[in-house]
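Welcome! Let us take a friendly walk through this structure, beginning with one residue and widening the view step by step.

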Amino acid sequence: MAAPAVDYLLITAFIALPIVFGAWLERRGVTRRRSQQLFGFAFYGCQTSAAVLAIWVARLTGAARLLPLLTLSGWLASALLAWFVSRALAHPPRERGAFIACLSMSNNGFTMLGFVALALFGEQGLAQAAYAQLLYTPFFLLVCFPIGRHYGALAPSSSVPAMLAQNAKDPRVWLPLLAMAIGLGLNVYHVP
């Protein structure tokens, strides 16, 4: 009975400590540039590396191969629904963008999914959770970032499709995607 309690405490710590650390940094007056560097390290360094390694060791069998497509379809459907609702609400651009981003990622479960799977099922559980979220990084980089940029401006300068096309040319987008493709390739070719 004590082991599950310890696991849940660890999951809570993995979630709460970064939030507390971020709030502490904000109170200490960390600059915007430093915040962007920390985000870059967390996203491009830690998250991408963990995803590549987890995808490399995941067992891709049977119907589980469809998990990333099912997950992606949920995000896209949520984003589309949010876009339609945001038009009807007629809020200013920044509020529309925040609404779309929040609603499209609300069914993500990304933070808890990996930690819960690791606590309950060990390394293979984390690997399966990472595989199910395989298309998270492409969705985040190719859809969420440009939508955020588009609606982050007080007056959007171009259409959403034009912003998506422009974003696809950004090399920062392709580094994590390449890394994840390498992890998947290592898995498919059974590299130990």
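In which helix is the place of Leu 142? You will find Leu 142 in helix α6. Please keep in mind along the way that this is a predicted model.

Is Leu 142 buried, partly exposed or exposed? Its relative accessible area is 24%, and because buried means under 20% and exposed over 50%, Leu 142 counts as partly exposed. Leaving out residues up to four places away in sequence, Leu 142 touches Leu 164, Asn 167, Ala 168, Val 173, Trp 174 and Leu 177. You can also look for Asp 170: 28 residues separate Leu 142 and Asp 170 in sequence, while their C-alpha atoms are 9.6 Å apart in space.

Now let your eye run along the whole of α6, which spans residues 136-152. This helix is mostly covered, with 12 of its 17 residues buried. Among the buried residues are Phe 139, Phe 140 and Leu 141, and further along Val 143, Cys 144, His 150 and Tyr 151. The helix also has a kink of about 30° at Cys 144, shortly before the proline Pro 146. Pro 146 is itself one of the buried residues of α6.

Next, meet a partner of α6. The axis of helix α2, residues 32-57, comes within 12 Å of the axis of α6, and the two cross at roughly 145°. Their crossing is left-handed. On the α2 side, the contact is made by Phe 39, Phe 43, Tyr 44 and Gln 47, and α6 brings Tyr 136, Thr 137, Phe 140, Leu 141 and Phe 145. What kinds of residues make up this contact? There are 7 nonpolar and 2 polar residues, and no charged ones.

Phe 140 is worth a second look. Setting aside its neighbours within four places in sequence, Phe 140 is in contact with Phe 39, Phe 43, Met 105 and Phe 145.

That brings us to the interior. The largest nonpolar core has 16 residues, and Met 105, Phe 139 and Phe 140 have the most contacts inside it. Helices α3 (67-89), α4 (93-105), α6 and α8 (171-188) each supply at least two residues of this core. Which helix gives the largest share? That is α6, with 8 residues. Apart from this core lies another, of 11 residues, including Ala 54, Ile 55, Tyr 131 and Met 180.

Terms used. Residues are numbered from 1 along each chain as its sequence is written. This is a predicted model: local features need pLDDT of at least 70, side-chain atom pairs count only at pLDDT 80 or more; totals for chains, interfaces and linings use all residues. Side-chain values use heavy atoms; hydrogens and water are left out. Axes are lines fitted to C-alpha atoms, for helices over the stretch in contact, and angles run from 0 to 180 degrees between N-to-C directions. Helices (H or I, at least four residues) and strands (E, at least two) are DSSP runs, numbered from the N terminus. A crossing is left-handed if the near helix is turned anticlockwise from the far one by less than a right angle, and right-handed if clockwise. Contact means heavy atoms within 4.5 Å. Ala, Val, Leu, Ile, Met, Phe, Trp, Tyr, Cys and Pro count as nonpolar, Asp, Glu, Lys and Arg as charged, and the others, Gly among them, as polar. The bend at a residue is the angle between axes fitted to the seven residues ending there and the seven starting there. Buried means under 20% relative accessible area, exposed over 50%, partly exposed in between (1.4 Å probe, protein chains only). A nonpolar core is a set of buried Ala, Val, Leu, Ile, Met, Phe, Trp, Tyr and Cys residues joined through side-chain atoms within 4.5 Å.
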